[in-house]
Amino acid sequence: MVMKRRSFLGALILGCALLVRTAPAAAAPDASEIAERMQQFYDKTRTFKSDFRQRYLIKHRNKTKDNRGQVIFQKPGKMSWRYTNNGNRVVSDGKIIKVYEEENRQMYEQPMDKSQYPAALVFLMGAGSLKQTFNLQKLDSEKMKCTGCYVLLAEPKNPTPAYQKVLLYVDAKTYQVRRVLLLDAQGNKNRFDFESPAVNVKVPPNEFVYVPPPGTQVIRP
């Protein structure tokens with residue numbers, strides 16, 4: 001009886017092991033599926049708030065600029081960037097975008113539909129569609145040195161002078177964007193890393209209203 005019981009247990013363990021070995025692995029999502037899951041996540045998001053780090057590489061000068069701060073997006077089409085290291089601000093109420101440069105005491109102001117500034121982040125603002133806006137290609141995450149994430153190469157279907165390509169680094173579990181890297185025709189690179197993001201949080205009153213300091217030169221097209 002003991003021998004039979006051992007034989008039975010041995011066969012059971014072996015059978016379980018074979019099942020584990022032969023169980024098909026879940027297929028990794030392709031670029032279209034990743035974009036759809038990202039879209040689903042952000043379609044349910046009313047607000048997005050995060051600390052950010054920005055690194056801008058000016059290729060012809062071989063020079064980088066590093067910035068940091070906090071960004072808030074709110075549907076539909078509102079955003080607020082606060083640069084804590086230099087006092088700059090970028091604010092849109094959904095109709096007008098204002099870009100304030102503290103160093104020059106200048107503010108550029110133009111209609112949102114004429115600006116290319118937020119186009120690469122349109123999905124965070126509850127406007128547009130990733131799949132409708134971009135041609136998407138999935139890149140090798142290991143080669144891109146992105147652990148636990150997917151990397152999408154996004155090329156705008158309608159050409160824009162603001163950038164030629166966008167790399168989206170997407171968390172493989174939550175489908176939130178960890179990093180956005182914009183590449184333009186001159187070889188410049190503009191990278192945003194989002195840290196400690198939070199969604200559907202309460203936004204301070206008047207966050208998307210901005211009045212520049214007295215003496216600021218306002219430039220309109």
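W81 is buried, with 0% relative accessibility. The model is predicted, and W81 is a good place to enter it. This tryptophan belongs to strand β3, which covers residues 78–83.

The ring of W81 has a partner in F52. A search of the whole structure finds 11 aromatic pairs. In one of them, F52 and W81 meet edge-to-face, with 5.0 Å from centre to centre and 75 degrees between the planes. F52 sits in strand β1 (residues 47–58), and 29 residues separate it from W81, so this pair links distant parts of the chain. F52 is also buried, at a relative accessible area of 1%.

F52 has another aromatic partner, Y83. That pair is edge-to-face too, at 5.3 Å centre to centre and 80 degrees between the planes. F52 lies in β1 and Y83 in β3, so the pair ties together parts 31 residues apart in sequence. Y83 is buried, with a relative accessible area of 9%.

These rings belong to a wider group. Ring pairs join F41, Y42, F48, F52, F73, W81, Y83, F192 and F194 into a cluster. F73, one of its members, is placed in strand β2. F73 is buried, with a relative accessible area of 1%. The C-alpha atoms of F73 and F208 are 9.3 Å apart, although the two residues are separated by 135 residues along the chain.

Now step back to the whole chain. It holds 3 helices and 12 strands. The 12 strands form an open sheet. Their order is β7-β8-β9-β10-β11-β1-β2-β3-β4-β5-β6-β12, and the pairing is mixed. Which strands stand at the edges? They are β7 (134–139) and β12 (217–219). Each has a single partner strand, so one side of each is left without a neighbour in the sheet. From one strand to the next, the twist averages 20 degrees.

Follow the sheet from β1 to β11. Strand β11 covers residues 189–199, and 9 bridges join it to β1. The two strands run antiparallel. Along this pairing, K49 stands opposite A198 in β11. R55 stands opposite R191 in β11.

Strand β11 also pairs with β10. Here 5 bridges join the strands, which run antiparallel. R191 in β11 appears again, with L181 standing opposite. β10 and β11 form a hairpin with 5 residues between them. In the turn, G187 has a positive phi of about 90 degrees.

Next, look at what packs together. In soluble globular proteins, nonpolar side chains tend to be buried together. The largest nonpolar core here has 30 residues. Which of them touch the most other members? They are M38, W81, V166, L168, V180 and F194. W81, the starting point, is thus one of this group.

Several elements feed this core. Those giving two or more residues are α2 (31–43), β1, β2 (63–74), β3, β8 (149–156), β9 (165–171), β10 (177–183) and β11. The most comes from α2, which gives 4 residues.

F194 shows how the pieces meet. Leaving aside residues up to four places away in sequence, F194 touches F48, S50, D51, F52, V71, W81, V177, R178 and V180. That list includes F52 and W81, the pair met above.

There is also a second, separate core of 8 residues. Among its members are C146, C149, Y169 and L181. L181 is the residue that stands opposite R191 in β11. Y169 has a charged companion as well. The charged end of R179 sits over the ring of Y169, 5.1 Å from its centre.

Two totals complete the picture. Of the 221 residues in the chain, 38% count as buried. Among contacts between residues at least 6 apart in sequence, 47% join residues at least 24 apart. The pair of F52 and W81, 29 residues apart, is an example of a link between distant parts of the chain.

Note on methods: Residues numbered from 1 in each chain as written. Predicted model: local features only at pLDDT ≥ 70, side-chain atom pairs only at ≥ 80, totals over all residues. Heavy atoms only, no water. Phe/Tyr/Trp six-rings, centres within 6.5 Å; stacked < 30°, edge-to-face > 60°. Buried < 20%, exposed > 50% of the residue type's maximum accessible area, 1.4 Å probe, protein only. Lys NZ or Arg CZ within 6 Å of the ring centre and 35° of its normal. Pairing = 2+ DSSP bridges. Axes fitted to C-alpha atoms, helices over the stretch in contact; angles between N-to-C directions. Core = buried A, V, L, I, M, F, W, Y, C linked by side-chain atoms within 4.5 Å. Contact = heavy atoms within 4.5 Å.
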